[in-house]
Amino acid sequence: MASQNTGLAADVGAEPSALETLVRELFERLGSQPDEAGEIAARLVAANLTGHDSHGVVQAPRYARALHAGELAANVDPEVLADGGAWVHLDARLGFGQHAGAVAMRTGIERARKHGVALVALRRSGHLGRIGDWPEMAAEAGLASLHFVNVTGCVWVAPEGGLAPRLSTNPVAAGVPRANGEHVILDIATSVAAEGKMQVAAQRGEAMPEPAAVDADGRETADPLTIYGERLRDSPALAPDAPGAMLAFGGHKGSGLALISELLGGALTGTGCSRAEPDAASNGMLSLLIDPDRFSGDFDVAGEIERYIAFFTSSAPRTAGGEVLIPGEPERRTRRARLTDGIPLPDATWTALQDTARAAGVAEATIAAARRTGA
Ligand code: NAD
C-alpha cells in the first residue's frame, strides 16, 4: 500500500475547511494579502488531505518563524529574469513557494499551450511544499510535466559510496494527464525516507521501518538518531548536524537522480546547490511542460495511455488482497477519506499551530472551529 507521510498517531481530528480558514487568517495576520494567504492555506491543507502531513499545516509555524527572521517574504511576485517564449527564468526572491510555484505553473501552462512545450526555471523560492501540486496543476490543464527540485540549507543525504552528507532530499515529480481526471502523478523525495518522517521517529525514540541512514562508520541503520544525535530530543527544530547521513533510495540510482535534481533545480535555475557553509532554506525548481496533443499526429496518445494503464494495473497482486496502483491514486484515496473523516493531526502539530495562531491574534472561535475531535 501507499507509503504516506501519516507521521504521528492522531490526537486531534481537524475539520478541513475550518482548518484552511484558520491557516488563511494566520497568514493574513502575518502580513500576506488575502489571495496569498488563501493560496498558502489551500496548499498546506491539501498536503494533509493527500496524506503528506510532513508538508501540511505542520509547516505553518516554521513559515511564521522564517517570516520573522526575514528568510521568507510576504506578497512578493516572482520577477521575470529572462523570457525566451517557450522558456522563462523566474526569480521568486524568497517569496512564498505556494504563490511562486503557482505563478511558475500558470506561466508554463500558457507557454506550453502556445509552443507545445515550455521550460520554467524557478530560482530561490520559499518552500514549494508538496511538489505533487505542480504536476497536478499542469495535468489539470491537459499537460504532461517533469519537475526537478533542489533544497538549499538542508544537506542531509550522502551520495552513493560516501559517508558525509552532500545532497538534500531533492524531490522529483512528474505527471501525465488523463481525460477522466485520475492523472498519473509521481512525487518522490530521492532519500529513502522524507526528513519529516526521520524527525518524528527520532522524537518518539522509534526505529525507521527500513535502513534509512548511514552511520559515521559506514553501517546502514534504521536508527534516526544517527543523523540528529541526542540533541534532537531537546530541540525538535534542530537541523541534522550529522554524525551520519541519510541514504538516497535505490543506491546509485537514487543518488544519481538526486544529483541531477541538485544540478538542474539548483545550478541551472540559479538557486545554487547544496554547500558546506550554512545557507538559507529555499527551493529551486526546473519544470518541463508538454502538450501531448502536439505529438499525437495519427497516433491516439490518450488512448494508448489508457490502454497501457489498464495493462500496468492488471498485473497479478504480489500479496493476497493486494493491488497495483498508479502513482497519484493513493493520494486521491486519502483525500476522499479525509474530506469525510477529517484530518488526523498529531497533538504536537496542533499545539504548535494553535500557539502560532494565538500569538498572531487569530480569534479563539476560528481556532476552536478547526478542531473536530481530541485535545
Ligand atoms: P512517498 O514515499 O510517500 O511516495 C509518494 C509517491 O509514490 C506518490 O507519487 C504516490 O502516489 C506514489 N505511491 C505511493 N505508494 C504507492 C503504491 N503503492 N503504488 C503506486 N504508487 C504509490 O513520498 P516521499 O518520497 O516520502 O515524499 C513525500 C513528500 O515530500 C512529497 O510530496 C515530496 O514532494 C515532498 N518533499 C518536498 C520537499 C521540498 O523541499 N519542498 C523536499 C522533499 C520532499
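Colleague: Which residue forms a salt bridge with Glu110?

Modeller: Keep in mind that this is a predicted model. Glu110 is partly exposed, at 47% relative accessible area. Its partner counts as buried, with 13% relative accessibility. The closest N and O atoms of the pair are 3.6 Å apart, and the partner is Arg111.

Colleague: How many salt bridges does the count come to?

Modeller: A pair counts when a side-chain nitrogen of Lys or Arg is within 4 Å of a carboxyl oxygen of Asp or Glu. By this rule, the number of salt bridges is 20.

Colleague: Let's go to helix α5. Which residue meets the side chain of Glu136 in a salt bridge?

Modeller: Glu136 is in helix α5, and its partner is in helix α10, residues 329-341. The two are 199 residues apart, so the pair links distant parts of the chain. Glu136 counts as partly exposed at 21% relative accessibility, and the partner counts as partly exposed at 25%. The N to O distance is 3.7 Å, and the partner is Arg335.

Colleague: Which residues are linked with Glu136 and Arg335 in a network of salt bridges?

Modeller: The pair of Glu136 and Arg335 has its own salt bridge at 3.7 Å, N to O. Both also belong to a network, and the other residues linked there are Arg43, Arg130 and Asp133.

Colleague: Is α5 mostly covered or mostly exposed, and which of its residues are buried?

Modeller: Buried means under 20% relative accessible area. By that cut-off six of the eight residues in α5 are buried, and the helix is mostly covered. What covers them includes α2 (34-49), α4, β5 (144-152), β7 (172-176), β8 (184-188) and β12 (282-290). The buried residues themselves are Asp133, Trp134, Pro135, Met137, Ala138 and Ala139.

Colleague: What residue with a positive phi follows α5?

Modeller: Here phi is near 85°. The residue that follows the helix with this value is Gly142.

Colleague: At what angle do the axes of α4 and α5 cross?

Modeller: Helix α4 spans residues 97-115 and helix α5 spans residues 133-140. The crossing is right-handed. The axes come within 10 Å, and the angle is roughly 35°.

Colleague: Which residues make that contact, and how many of them are nonpolar?

Modeller: On the α4 side you'll find Gly97, Gln98, Gly101, Ala102, Met105, Arg106 and Ile109. Trp134, Met137 and Ala138 come from α5. By class, three are polar and one is charged, and the number of nonpolar residues is six.

Colleague: Over to α10. Which residue meets the side chain of Arg333 in a salt bridge?

Modeller: The partner sits four residues away in helix α10, so the two are separated by about one helical turn. Arg333 is partly exposed, with a relative accessible area of 28%, whereas the partner is buried at 12%. The side chains come to 3.1 Å, N to O, and the partner is Glu329.

Colleague: Arg332 lies in α10 too. Which residues does Arg332 touch, not counting residues up to four places away in sequence?

Modeller: Arg332 counts as buried, at 11% relative accessibility. Leaving out residues up to four places away in sequence, the ones Arg332 touches are Gly181, Glu182, His183 and Ile326.

Colleague: Why is Cys154 too far from the closest cysteine sulfur for a bond, and how many disulfides are there?

Modeller: A disulfide needs two cysteine sulfur atoms within 2.5 Å. The closest cysteine sulfur to that of Cys154 belongs to Cys273 and is 14 Å away, so it is too far for a bond. Cys154 also counts as buried, with 12% relative accessibility. Across the whole structure, the number of disulfides is zero.

Colleague: Which residue in the loop between α3 and β2 has a positive phi although it is not a glycine?

Modeller: Most residues other than glycine have a negative phi. The loop in question runs between α3 (60-68) and β2 (79-83). The residue there counts as partly exposed at 35% relative accessibility. Its phi is about 60°, and the residue is Asn75.

Colleague: Is Leu94 buried or exposed?

Modeller: Leu94 is found in the loop between β3 (87-91) and α4. Leu94 has a positive phi of about 60° although it is not a glycine. Its relative accessibility is 18%, so Leu94 counts as buried.

Key. Residues numbered from 1 in each chain as written. Predicted model: local features only at pLDDT ≥ 70, side-chain atom pairs only at ≥ 80, totals over all residues. Heavy atoms only, no water. Axes fitted to C-alpha atoms, helices over the stretch in contact; angles between N-to-C directions. Left-handed = near helix turned anticlockwise from the far one by under 90°. Contact = heavy atoms within 4.5 Å. Nonpolar A, V, L, I, M, F, W, Y, C, P; charged D, E, K, R; others polar. Buried < 20%, exposed > 50% of the residue type's maximum accessible area, 1.4 Å probe, protein only.
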